[in-house]
Amino acid sequence: MPDTTAQRSGSQAVEKEGAERVPGQQRSSGTEVARLSSDRGRTSIADGVVAKIAGIAARDISGVYALGSGAARAFAAVRQRVPGGKPNVAQGVSVEVGEKQCAVDLAIVVEYGVPIAELAAAVRENVISSVERMTALEVVEVNIAVDDIHIEHEDDRERQLQ
C-alpha cells in the first residue's frame with residue numbers, strides 16, 4: 001500500500017507516492033491520463049516546469065494584467081532592462097509537485113473593470129487544463145491571490161514623472 005505524504009497545509013494534499021495509472025483512466029475533466037511511472041522507467045517533472053506552464057496559462061486570460069506582487073514586478077522590470085535579461089514567466093507562481101499531483105498558487109494583478117470572480121474562475125480553469133494536458137499531473141488546487149488592480153491612467157502618470 002503506497003504511503004502518501006501531504007505536502008500542503010491547504011484544503012487538499014499533494015500526493016508524493018508513485019503515479020502508476022491504468023491506460024484509458026480519465027480525470028474528471030475528461031482528459032486521458034498518461035503514465036508517469038512504468039516498468040520501462042519513471043518520469044519526474046520539476047516544479048519550475050509546472051510553474052512556467054501555469055504562468056503562461058494564467059497570462060493567456062484577458063483581464064490579467066500581470067503576475068506577482070508589486071516588489072516582484074519592480075525587480076523583474078529592472079532585470080529586463082539589463083542586457084541579456086529575460087522575462088520570468090513563472091513570476092508570481094509557486095507550485096508544489098508530487099509524483100502524480102500538484103498544487104498551484106498565483107498572485108495576479110487584474111485590469112480595472114474586470115469581474116474578479118469570473119476572471120479567477122477562467123484563470124483557474126485554464127491553468128488546470130494546461131498543466132494536466134501537458135504534464136499528466138492532477139492539479140488538486142489553484143489558489144489565486146489578487147494583489148492589485150491595474151488602472152490605465154496610472155501608467156500615464158508614472159511615465160510623466162520619469
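Reader: Is isoleucine 116 buried, partly exposed or exposed?
Author: In this predicted model, isoleucine 116 sits in helix 3. Its relative accessibility is 35%. Buried would need a value under 20% and exposed one over 50%, so isoleucine 116 counts as partly exposed.

Reader: Which residues form a nonpolar patch on the surface with Ile116?
Author: Good thing to look for in the 3D view! The patch has about 360 Å² of accessible area together. Besides Ile116, its members are Tyr112, Val146 and Ile149.

Reader: How far does helix 3 reach from its first C-alpha to its last?
Author: Helix 3 covers residues 116–135, and it has 20 residues. At 1.5 Å a residue, the expected reach is 28 Å. The model comes close to that, with a reach of 28 Å.

Reader: Which residues of helix 3 are buried, and what covers them?
Author: The buried residues of helix 3 are Leu119, Ala120, Val123, Val127, Ser130, Val131, Glu132 and Thr135. To find their cover, look at other elements of the chain. The cover includes helix 1 (47–59), strand 3 (64–67), strand 5 (101–111) and strand 6 (138–150).

Reader: Which residue follows helix 3, and what is its phi?
Author: Just after the helix comes alanine 136. The phi of alanine 136 is positive, near 65°.

Reader: In what order do the elements of the protein chain run?
Author: The chain has four helices and six strands to place. Start at the N terminus and follow the chain along. The order is then β-β-α-β-α-β-β-α-β-α.

Reader: What share of the contacts with a separation of 6 or more comes from residues 24 or more positions apart?
Author: Here we count contacts in the protein chain and ask how far apart the partners are in sequence. Residues 24 or more positions apart account for a share of 67%.

Reader: How much of the protein chain counts as buried?
Author: The chain has 162 residues. On the outside, it exposes about 9,900 Å², with carbon and sulfur atoms supplying 49% of that area. The share of residues that count as buried is 33%.

Reader: Which element has the lowest mean pLDDT, and which the highest?
Author: As background, the protein chain averages a pLDDT of 76, and 62% of the residues score at least 70. Over residues 1–11 the pLDDT is below 50, and it is also below 50 over residues 15–34. Where pLDDT is low, the predicted coordinates should not be read in detail. Among the elements, the lowest mean, 56, belongs to helix 2 (residues 70–81), and the highest, 97, to helix 3.

How values were computed. Residues numbered from 1 in each chain as written. Predicted model: local features only at pLDDT ≥ 70, side-chain atom pairs only at ≥ 80, totals over all residues. Heavy atoms only, no water. pLDDT = per-residue confidence, 0-100. Helix = DSSP H or I, 4+ residues; strand = E, 2+ residues; numbered from the N terminus. Contact = heavy atoms within 4.5 Å. Patch = residues over 30% accessible without salt bridge, like charges linked within 9 Å, V, L, I, M, F, W, Y side chains within 5 Å. Areas by Shrake-Rupley, 256 points an atom, 1.4 Å probe, with all protein chains shown as cover. Salt bridge = Lys/Arg side-chain N within 4 Å of Asp/Glu carboxyl O. Buried < 20%, exposed > 50% of the residue type's maximum accessible area, 1.4 Å probe, protein only. Expected span 1.5 Å × (residues − 1).
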